[in-house]
Amino acid sequence: MFIYAAFPLHLLGYNPKIVDPQTLRSYSDLLDPKWKGKITLKDPRDPGGASPLLFLYHNRLLGPEYLRKLFSTAEITLVRDERQQTDWIASGKFPIAITAKADQVEDAKNKGLPVEMLDSHALKKDGVGLEAGGTMLALVNKAPHPNAAKVLINWFLSREGQMAIQKTGPEGTGQNSLREDIPKEHLPISLQRQKGVQYVRLWGADVWDRELVTKFVSELVK
């Protein structure tokens, strides 16, 4: 299996009428008493809900101790419906949402609602999560034409191939190749990796096992 594209993890949605993004420069800023009971988080025990917590848990600058503080000090509200998160951001009931869906926030913003996504690089002093999403490629075992498949994969991972895939798909513009020797200017700024930033890889056997994190959170919310 090959991971050929990776992009900074979108993490925080917020209401710009209530939250000044300039005050959010570290994850410790979420522990400010003024945000107590004002933050939602997608329940990691729900399918697909753990990626941001994987970043926080495996980040050597944050880790389990930070999560303990987040749940005890900030009094996080767990949700299972991400659209509800976006609605609550807009209404101001919960003006900050960890795990907000960028596409849902963008859609709500286009409808005139007071919602924004915070660029993960605003919090880069604590590192930035690097997510693979669905951008993976695998060689099928016992393929009928293995050599042809290898030729395709070799081209796909080449400079020429990655320039093509980064511009045209598989999901349209926005696939940021792991290759650094190809142009990136056409990508949205929020998807471009920055030099000198510590990125936390969110793929691989040592990270993908979410059971450790979900059990940890289950203990915190008892």
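1. Start with strand 4 and strand 6 (residues 96-98). In this predicted model, the two strands pair in the parallel sense over 3 bridges. Thr40 has Ala97 as its bridge partner in strand 6.

2. Now look at the other neighbour of strand 4. Strand 4 (residues 39-42) also pairs with strand 5, again in the parallel sense and over 3 bridges. Here Thr40 stands opposite Thr77. Thr40 therefore has a partner in strand 5 and a bridge partner in strand 6. In general, strands of a sheet pair through backbone hydrogen bonds, either parallel or antiparallel.

3. Step back to the whole sheet. It is open and has 5 strands, in the order 5-4-6-3-7. The pairing is mixed. Strand 5 (77-79) and strand 7 (116-118) are the edge strands, each pairing on one side only. From one strand to the next, the twist averages 30 degrees.

4. Which way do the side chains of strand 4 point? Ile39 and Leu41 point one way, Thr40 and Lys42 the other. All four are buried. This fits the general pattern: in a regular strand the side chains alternate between the two faces of the sheet. Note that Lys42 is among the buried residues here.

5. Next, the loop that leads into strand 4. Lys36 is found between strand 3 (12-14) and strand 4. Is Lys36 buried, exposed or partly exposed? Its relative accessibility is 45%, so Lys36 counts as partly exposed.

6. Lys36 also has partners far along the chain. Lys36 and Thr73 are 37 residues apart in sequence, yet their C-alpha atoms are 6.8 Å apart in space. Leaving aside neighbours within four places in sequence, Lys36 is in contact with Thr73, Ala74 and Glu75.

7. Turn to the nonpolar interior. The largest nonpolar core has 34 residues. Tyr27, Leu30, Leu70 and Ile98 have the most contacts inside it. Strand 3, strand 4, helix 1 (51-58), helix 2 (63-73), strand 6 and helix 8 (211-220) each supply at least two residues. Helix 1 gives the most, with 5 residues.

8. Leu70 deserves a separate look. Beyond its neighbours within four places in sequence, Leu70 is in contact with Leu30, Leu31, Glu75, Ile76 and Ile98. Leu30 and Ile98 are themselves among the residues with the most contacts inside the largest core. Glu75 also appears among the contacts of Lys36.

9. Finally, there is a second, separate core of 8 residues. It includes Ile89, Ala97, Ala100 and Val105. Ala97 is also the bridge partner of Thr40.

Note on methods
Residues numbered from 1 in each chain as written. Predicted model: local features only at pLDDT ≥ 70, side-chain atom pairs only at ≥ 80, totals over all residues. Heavy atoms only, no water. Pairing = 2+ DSSP bridges. Axes fitted to C-alpha atoms, helices over the stretch in contact; angles between N-to-C directions. Buried < 20%, exposed > 50% of the residue type's maximum accessible area, 1.4 Å probe, protein only. Contact = heavy atoms within 4.5 Å. Core = buried A, V, L, I, M, F, W, Y, C linked by side-chain atoms within 4.5 Å.
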